[in-house]
Every structure is written in structure tokens, then in C-alpha cells.
Amino acid sequence: MAGKAPVGDPVQDAPEVGAPQHAAAGAKAVAKSLRAAQQQMGVRRTALTLLRVNQAGGFDCPGCAWPEPGPGERHLAEFCENGAKAVAEEATLRRVTPAFFARHPVSGLAGRSGYWLGQQGRLTEPVLYEGEPGAGGDGHYRPVSWERAFGIVAEEINALASPDEAVFYTSGRTGNEAAFLYQLFARRLGTNNLPDCSNMCHESSGSALTETIGVGKGSVSLEDLYKAELIIVAGQNPGTNHPRMLSALERAKKAGARIITVNPLPEAGLERFRNPQTARGLLGGGTALTDLFLQVRIGGDQALFREWNRMLLEAEDAAPGTVVDRAFVEEHTAGFEEFAAAVRAGGPGRVLEATGLRREEIDAAFDMIRASRATVVCWAMGLTQHKHSVPTIREVVNMLLLRGDIGRPGAGVCPVRGHSNVQGDRTMGIFERPPAAFLDALGAEFGFEPPRRHGLDVVNSIRAMRDGKVKVFFAMGGNFVAASPDTHVTEAAMRRCRLTVHVSTKLNRSHTVTGARALILPVLGRTERDVQAGGEQFVTVEDSMGMVHASRGTLPPAGEALLSEPAVVARLARAVLGPGDTVPWEEFEADYDRIREAVSRVVPGFEDYNARARRPEGFRLPHGPRDSRTFPTATGRAHFTAAPVEYPEVPAGRLLLQTLRSHDQYNTTVYGLDDRYRGITGGRRVVLVHPDDAAAAGFADGSYADLVSEWTDGSTRRAPGFRVVHYPTARGCAAAYYPETNVLVPLDSTADTSNTPASKSVVIRLEAATTT
């Protein structure tokens, strides 16, 4: 059955495979970081820039949202390998000029890989695409003035029959100030169409946590991790996605914490961490992190946590008052009796089938859970991107509620969000379903009635563009096309728009998938100085644990024509809404303190915003469940829930695929073609399959296959030309990188309640690779 390697780009299609590693970071990570930085920035610029990353008075890393230690506890090099790559790509000396666009038509750019596009350098001035020859244009992006660019956007938006025919997407890198202005502009226009990248990753976390504890954010701090007795890391790969988390896990481990890892793949960082900030990490063996590795079958997490909850109830029945925190349950929760009855009635069910684990593994983990007096559960997209993701996360909360592990030092929920400030954007009002209290405060501050009808999330935005109901797409950062599911449908939907606009620092795939007209508006990056009429400015961001702090760039801008994100939004708003709009957009652009003053009156927790943002450590936002065990739910209590246990059932001869990142990647940004920890170099089109499963399907290690996804409606989708890699995945499971495999996920395959694309549980078959 195995096919030959397809003909194509040899860099993309001919990966080499070696043995996976069993430790992360160390001296090699330092060398890779410095090499990547120096290639893009040069030696002097590298030193000046990297030493300001994540420092008080410096700038926040444009990569992940993992929090920094307090100012006195930060290392001189408070960044990871992928953070260094993110900074290097933003602070690069490479430039995309008008001559570049003159050489490369959009049709030609569309045939390039995302990696190639990203390597071309920083965008330096606005450009406009007006269509292909015969359709009003010449097929190229051409320079355009800022005034004309904003005029085009105003022209298109003001010609719409309804504000709801426009969509305003946001990436997590947007700072608080720009995010607040952006949502204000959209609501002044009259729409809540504010989809964001949360819709595609942690929306399931927010949905589950809002329902159960009343706050859609995590409840722990770094100090809680250091004090925890047990940390469960489920569906997450911090060694690649949030490497600085490994330092926190190492510190917790040295303080006595035990760590359970729940994951379909063994991950090097969770096996052993060689901390590059210590001699032992650089030169020695580092620290073993995981005490117990549970190689769960993809999508089996809900069944696993339900079984642990059943065992906790059973142990409590045998020894009343010794297992369940009765005082906490009675004083602070609702729904316990109904939950307990449902769990007991269900018994162990088919937990072994659902999880692929042995009974003794589940029991060993339970003994650790029962012995712990303070447990933190961390998770990422391995839990959030399934049809049953919301009930899965509710089950995690159930376990913590049983033990009283919400609002206790060293315990709580820890959804590890990815992109820097993705949480802050939501706090600032980037949400298609805003709470009434937020809209009331916003309207009172600016003297208008915000729209109350819910807007479109990411999936519904794509549907609306596909159906001709949305005609203008505006993206504040991000790479929407590459991040979204059902690639062909998404691209066709974008091409139906009259205008697509991307506010960006670098080229990406989305710039090549245009509406009838398209604009790219280049902006300052985090690394760059931001000087406005009111003087030098700073922005603020919120990390994944609710700390807000300042970010100040230090480098000169990459080009004289660049605007800041707040300036882009302010000028856009004035152009669209006209001179009569009463919001002081020009004042907001000139002095970001004015924006923060408005935020302090609209968003709870931001009182005295300007003063507190200037503290070296920033400030922590209030969190009722964590701070005082007060739960802002309808009942004023935390809620137990008891959804039916679900897990993917896979037909014989099929595999369950999860999409994931390589180590040379952050979200859709590809820094290189290697995945060092998994032993893969020089390419990305690989599918990791257990040797026994590959053999059963007739695919030798190194052979090539097409991945064909199968859906209950009878439809299929194909991703061609993947090298089969025999890899120690969970049996019956497979893994491959996105965005290459986004094509396999239908637009309508989403999580219940959250509508998040179900990219982590895709039923596939392997077919011999087609040749071209």
C-alpha cells in the first residue's frame, strides 16, 4: 500500500527522521536561540534585544502568555528558545519593500509556503491589491498612502447594508489599549462581530469555567504552582509551546511536588528539563519532571477524570470525612448530590477502552490524587479541541471541587493559554457574546447604546463569508486563513468578500487569500519604540494567570511609515465613523494614558490603571474563586456537573489524528523545518503513527501516505503526501502538524457549547500517497 515520495518542494516534502529526545532545553536550546537571533538581527542587535525580553521596563515576549516571576526573581535571560525566535522574526533586519511586491504577484505568493513568506522580513508600508488583470487590478500589491487605505475601508464599510456585514477579527498579540479601542470602534459601528483566536483554542476552557466557577480564567498563580503537592499536566506540551513553564515545574518539583502527565505522546520537556539558566541544566542531566506518565488515548480525558471522581466518592463512602472536603462542598458548591448520584450510577463504565490505560496506571494516579492536599490541573488544546471538550473540563473542575482545591494555596485550575495577551484581549471586550454589564459600562462611558445581539465567532464568521452575508473582513494581527479549519472552505469564503484587511508585521498565508480588494497595513511590533504626539508610549498585556504589566519597545521602528496598533484603530474609526463621532479618537492615539483612563471606568479590576501599570511587577486582576472563594455564578456557588461520558469511537482500520505544532513553530508561524525533540528535521509533512498500527495498515517507516479524514455525514477530506514515521504514540492514535492538516477538519466539526474546531480528534485512514 505504501506510495512513493510525491514530487514537490524538496525542503517541504523530504523530512529526515531520527530518534526522539527525552529531555528539553539545555545547551543546544541556547545555541539554537542565539543562532536564530543572530541570523535575523545580527550580534549587537541580538544582545540589545534579548536582554530586554520579559524584563521590568522592557517588552513582553510576542510569543506565549506564560507569566514572568516577580521583578527580583527574573533571570537575566528571561526567555525561551521559541521566544528568542519570535523576537528575532519581529526584530529582523530583513525588509519587504515595494520592489518585492512588484516582483511577486499575489498568485505567485499564494504558491509559496508559510515558512517562506515569513522569512522575507518586516512589512514597511501599506499596500493595496485591486484584483487580477481583467478584474480591475494588475495582480500585485502596490503601495498606497495611509489616508487612501483608511478611505478604502471607510468606503466599503459605509456601503454595507448593515454593520453586521463586517467582521473584526483579533489575534492574541494585540495589546490591551488597541484591543479596547478596536472593540469600541466595532460597537460604535453597531456590531458585536468580534471573533478572536480564543474561539479556536481555549473557548472551551472559558465556557466550562464560566459555567462551573463563574470566571472563565484560571485560578492559580506561579506561587500556587510552587506550593502544589500534585500537578497534573493534561493535553499539553510545554517543552515546545510554553517552555518557560518548565522552569516553574522544576521549581515545584524541587519543593516536593509530584507531577502526573496525561498525553497521547511522550513529550521531552515533561520527561526531563535541562534548565539552561543553571549549570546542572547546561552541563548535567537536568531534572526529571514526570513521576507518572499516563499515555491516554486521544479524547479519553473526560472518562479518566470521571473515573478518578468515582473513586474519590467511593473512598469517601468507605471512610466518611477523609476524602471529600465536605465543609467546602456544603458551603461553596451546588449540585453535589445530583453529580454524585450520576457518577455512582455510571460505575467505571468503559474507562479502559476510552483511555487505553491499564487499571494499575489509573489506580496509581488515584493514590497520588488522594494523597495530595493541594492539586493544580494544567491543560491546553489537547483538552479543548474535541466535540466533548467542555464536559471534559467540567470534569476536571468536579475533581478539584471534591477536594476543596479552588481558592486554596497551591491548588486550582490552570488553563495554559497560548498567545501573549489573548486573555487580555478578552478582558478588554474582544468577545462576540459580551456580558450585559460590560456593555452597560461601555455605553455609559461613551454615551451610546452598544448593540446587544450576539455577534459571530470564528466558525460562524467563515460560514457567513461563505454564504455572502459578510462582505468585509478586517484582521488585527494573526493568520486567519492558516489558523482556521476546513482550509478550502475558509479560503473560498475569504475570496467572496469585497474587502479583506490585515494589520500585520510580516507576510503570512492570509495575505495571499484575498477579497476583491485587499489591504495589508503594517504596524509596530512589541520590540519597537512607540512615539506619539503625547510622547513615548507603552502598552499593557495580561498573562495567562491574570497579571497585567507594561510592555515598552526599545528598537527604532522597522520603517518610517509604520503606525502603532492603537493609531491604526483610532484613524480607522475616525475615517469610518466621521468627524462627528464623539469618541476622542485623536486623543487616544496621542496618549495611551487616556485609553487606560477610560478602561479604568469600564472594566472591573482596572481601577487606578495608569499608576498600577507603571509598577515594575504590574498588578493582579481580582478573581473571586481564587481570592475569597466567592463564585459569580447565578447561585453564588461553584457548580458540580454530570454530563454523560463521551470519547471518540474509531472504526476498525482507522486512526484518530490530533493536530499539533512542531518545535520550530509557534501557532501558525513556522520558524524552521525541524522538530528537534521528536527527531524530525528538514520537513513538516510527517504523520506520527504507532509502529503496530502502521504495520497493520501496511505502511513501513519512511513510506508516504495521504491522510483521508472521514465524517459521520459520509464526507471525506484529503491531505496528500505525508511521510509515515513510526513513533511511540498511544495505540490507535496519530499526530501531524497544523496548518498542513487543517484541511482535514470540516467547518461543522466543533465542540459542543464553545463551537471550537475539533482539531484533536479526527478519524483518518491512510492511503498510498498519490504522485504528481
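In this predicted model, N54 is buried, with a relative accessible area of 3%. N54 lies in the loop that links α3 (43–50) to α4 (81–90). Its phi is near 60°. That value is positive, in a residue other than glycine. Most residues other than glycine have a negative phi. A second asparagine, N755, also has a positive phi, near 65°. N755 is found in the loop between β32 and β33. Its relative accessibility is 16%. Buried means under 20%, so N755 counts as buried.

The loop between β32 (733–737) and β33 (762–768) also holds P739. The peptide bond from Y738 to P739 is cis. Its omega is near 10°. Most peptide bonds are trans.

Strand β18 spans residues 517–522. Of its 6 residues, 6 are buried, so the strand is largely enclosed by the rest of the structure. R517, L519 and L521 point one way from β18. A518, I520 and P522 point the other way. Both sets are buried. Two strands are joined to β18 by bridges: β5 and β17. Strand β5 (residues 127–129) runs antiparallel to β18, and 3 bridges join them. Within this pairing, Y129 has A518 as its bridge partner. Strand β17 (residues 499–504) runs parallel to β18, with 6 bridges between them. Here L499 stands opposite R517. Strands of a sheet pair through backbone hydrogen bonds, either parallel or antiparallel.

Strand β17 also helps to cover helix α27. This helix comprises residues 487–495. Its buried residues are T487, T490, E491, A493 and M494. They cover an arc of only 160° around the axis, which puts them on the same side of α27. What covers them includes α25 (458–466), β16 (472–476) and α26 (480–483), along with β17.

Helix α24 (residues 436–446) likewise has buried residues: F438, L439, A441, L442, G443 and F446. These pack against three helices, α9 (176–189), α29 (585–590) and α30 (592–602). After α24 comes G447. The phi of G447 is positive, near 65°.

A separate open sheet is formed by 3 strands. Their order is β2-β10-β11, and the pairing is mixed. Strands β2 (24–25) and β11 (287–288) stand at the edges. Each has a single partner strand, so one side of each is left without a neighbour in the sheet. Strand β10 (residues 272–274) runs antiparallel to β11, and 2 bridges join the two. In this pairing, F273 of β10 has T287 as its bridge partner in β11.

On the surface, V30, L34, L282 and L283 form a nonpolar patch. Together these residues have about 350 Å² of accessible area. Two elements, α2 (27–41) and α15 (279–283), give two or more residues each to the patch. L34 lies in α2. Its relative accessible area is 37%, which makes L34 partly exposed.

Technical notes:
Residues are numbered from 1 along each chain as its sequence is written. This is a predicted model: local features need pLDDT of at least 70, side-chain atom pairs count only at pLDDT 80 or more; totals for chains, interfaces and linings use all residues. Side-chain values use heavy atoms; hydrogens and water are left out. Buried means under 20% relative accessible area, exposed over 50%, partly exposed in between (1.4 Å probe, protein chains only). Helices (H or I, at least four residues) and strands (E, at least two) are DSSP runs, numbered from the N terminus. Two strands pair if DSSP finds at least two bridges between them. Patches are made of residues with over 30% relative accessible area and no salt bridge: like charges are joined within 9 Å, nonpolar side chains (Val, Leu, Ile, Met, Phe, Trp, Tyr) within 5 Å. Accessible areas come from the Shrake-Rupley method with a 1.4 Å probe; for residues, only the protein chains shown count as cover. A salt bridge is a side-chain nitrogen of Lys or Arg within 4 Å of a carboxyl oxygen of Asp or Glu. The arc is that of the directions from the helix axis to the C-beta atoms. Contact means heavy atoms within 4.5 Å.
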